[in-house]
Amino acid sequence: MRIIESGISEIGYKIEEIPQWFQDLLDELFDGAGVPKEYMAHVRVRHLGNRAKRVILRFLLSKKGANYMYPPWWIWRENTGWAWVPSENTDFHPAEHIDISVHIQPGETLRIASAPYEDPSLVCEKARQLSQQYDIWTYREIGHSAQGRPICVLETEPRDLTLLVDATMQSCEPVSYGILHVAHSLTIPTARTQRLLDHIQFCLMPITNPDGVCEGHSVTNAIGEVPKFGINHLVEGKSAPRETAALWQYFLDKKPDASIEVHAHFTRPDFTRSIGMHDKASMPRHLRAKAEILEQAIFENYHVKPLKNRKVLIDPRQPEHNVYGDKHICEQAGTIRTFLQAIPDSIDAHNADVKEMVETVAHALIKWRETGAA
């Protein structure tokens, strides 16, 4: 970060190094693309002067990450939380930089970011407090990151059906708000909520790559590993990140009927949101009836005309889809993997989006059970 002229401070991006095997994979399967890097920005600015002033913060953009920095929506004023940066305060130059203009008072501290980032320790503390306040939740830590940060999970009472909702390991897509919103929503004493709790054990994992958030990485952890793409390595007997090992072991121990991997791309509003699941045709035969009902529920809720959500089926029989480990999750844990990749315009919108997806999948599981297909 440096002052380039009066009133303008330039913030360079932090280069994210990825393992050579992962770069080779991107080159082979995605023509070098596939996983953007350097699309995380989060700085703190404090005014030490004695007069109010307007300053411009110029965030430089990497070639791979530029499309995910369109333009940052978040500005933080102490004690008021995250809010949308007004369009008149942004000046976006695609593939080059974005200027954020802020008015700052003497002694004031602002946080400006490309997404509403939160300290991982605070995420787990919020989960812990929920379990202390509401009897329906039990708090557990299923593992720790390389730097010792906990990977936490909230669980309701065991039931015949189990649904896991886990944050993506791509740390530049913070989704803890939406997942913890679901945790709060399930404490509301309604008949609808009680029906869900009577039929399903909910397992909510609000953060899975805490070191990546703290280090400002998009796909790697604190020591340059790529947690999201490590399940195949584990199954093959190779070493893998601690974060991946914790999640994989949880799958094997809990054997959820279905899971929802939650993503949030904080980018331009016309970027197509995606909702999908593991292609049922590639699953073991005994899971296909359940998968049919889940797929139907997702398609009917998200992909009917005139809705323009992008429908994606992950088929591990295709090399470019086999990297995610879904085949092993399905075959060894018996879990049907689904995902929500949303484009929220606020934390409130994100909360509603995650809740909608969770309820869609949860009700589909109950329908499968009640049809006698089980």
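**Reading features in a predicted model**

Modeller: Let us begin with Glu 38, placed in the loop between helix 1 and strand 3 (42-46). Please keep in mind that this is a predicted model.

Colleague: Happy to! What is the phi of Glu 38?

Modeller: First, the general idea: most residues other than glycine have a negative phi. In Glu 38, phi is near 55°, a positive value, and the residue is not glycine. At 14% relative accessibility, below the 20% cut-off, Glu 38 therefore counts as buried.

Colleague: And what about the phi of Ala 95?

Modeller: Ala 95 also has a positive phi, near 65°. You will find Ala 95 in the loop between strand 7 (90-93) and strand 8 (97-104).

Colleague: Now the peptide bonds. Is the bond from Lys 305 to Pro 306 cis or trans?

Modeller: As a general guide, most peptide bonds are trans. The bond from Lys 305 to Pro 306 is cis, with omega near 5°. Pro 306 belongs to the loop between helix 8 and strand 16 (310-314).

Colleague: Let us move to salt bridges. How many are there by this rule?

Modeller: The rule looks for a side-chain nitrogen of Lys or Arg within 4 Å of a carboxyl oxygen of Asp or Glu. Applied here, the count comes to 22 salt bridges. One of these joins Lys 14 to Glu 215, with the closest N and O atoms 3.7 Å apart.

Colleague: Why does the pair of Lys 14 and Glu 215 tie together parts that are far along the sequence, 201 residues apart?

Modeller: Look at where each partner sits. Lys 14 is in the loop between strand 2 (8-11) and helix 1 (20-30), while Glu 215 is in helix 5 (residues 210-215), so the pair ties together parts 201 residues apart in sequence. Lys 14 is partly exposed at 47% relative accessibility, and Glu 215 is partly exposed too, with a relative accessible area of 23%.

Colleague: Are Asp 257 and Lys 290 buried or exposed?

Modeller: Both Asp 257 and Lys 290 are buried. Their side chains meet in a salt bridge of 2.8 Å, N to O. Asp 257 lies in the loop between helix 7 (242-254) and strand 14 (258-264), and Lys 290 lies in helix 8 (residues 288-302), so to follow the link you cross 33 residues of sequence.

Colleague: Which residues are linked in a network of salt bridges?

Modeller: Glu 125, Arg 128 and Glu 141 are linked in such a network.

Colleague: Last topic, helix packing. At what angle do helix 3 and helix 10 pack?

Modeller: To read a packing, take the angle, the axis distance and the handedness in turn. Helix 3 (residues 176-185) and helix 10 (residues 347-370) pack at about 60°, and their axes are 8 Å apart. The crossing of helix 3 and helix 10 is right-handed.

Colleague: Which residues make the contact?

Modeller: From helix 3, the contact includes Tyr 177, Ile 179 and Val 182, and from helix 10 it includes Ile 347, Val 354 and Val 358. The residues of the contact divide into six nonpolar, five polar and one charged.

Colleague: One more, please. How far apart in space are Gln 133 and Arg 51?

Modeller: Gln 133 and Arg 51 are 44 Å apart, C-alpha to C-alpha, with their positions 82 residues apart in sequence as a separation. Gln 133 is in helix 2 (residues 120-133) and is exposed, with a relative accessible area of 55%.

Terms used: Residues numbered from 1 in each chain as written. Predicted model: local features only at pLDDT ≥ 70, side-chain atom pairs only at ≥ 80, totals over all residues. Heavy atoms only, no water. Axes fitted to C-alpha atoms, helices over the stretch in contact; angles between N-to-C directions. Helix = DSSP H or I, 4+ residues; strand = E, 2+ residues; numbered from the N terminus. Left-handed = near helix turned anticlockwise from the far one by under 90°. Contact = heavy atoms within 4.5 Å. Nonpolar A, V, L, I, M, F, W, Y, C, P; charged D, E, K, R; others polar. Buried < 20%, exposed > 50% of the residue type's maximum accessible area, 1.4 Å probe, protein only.
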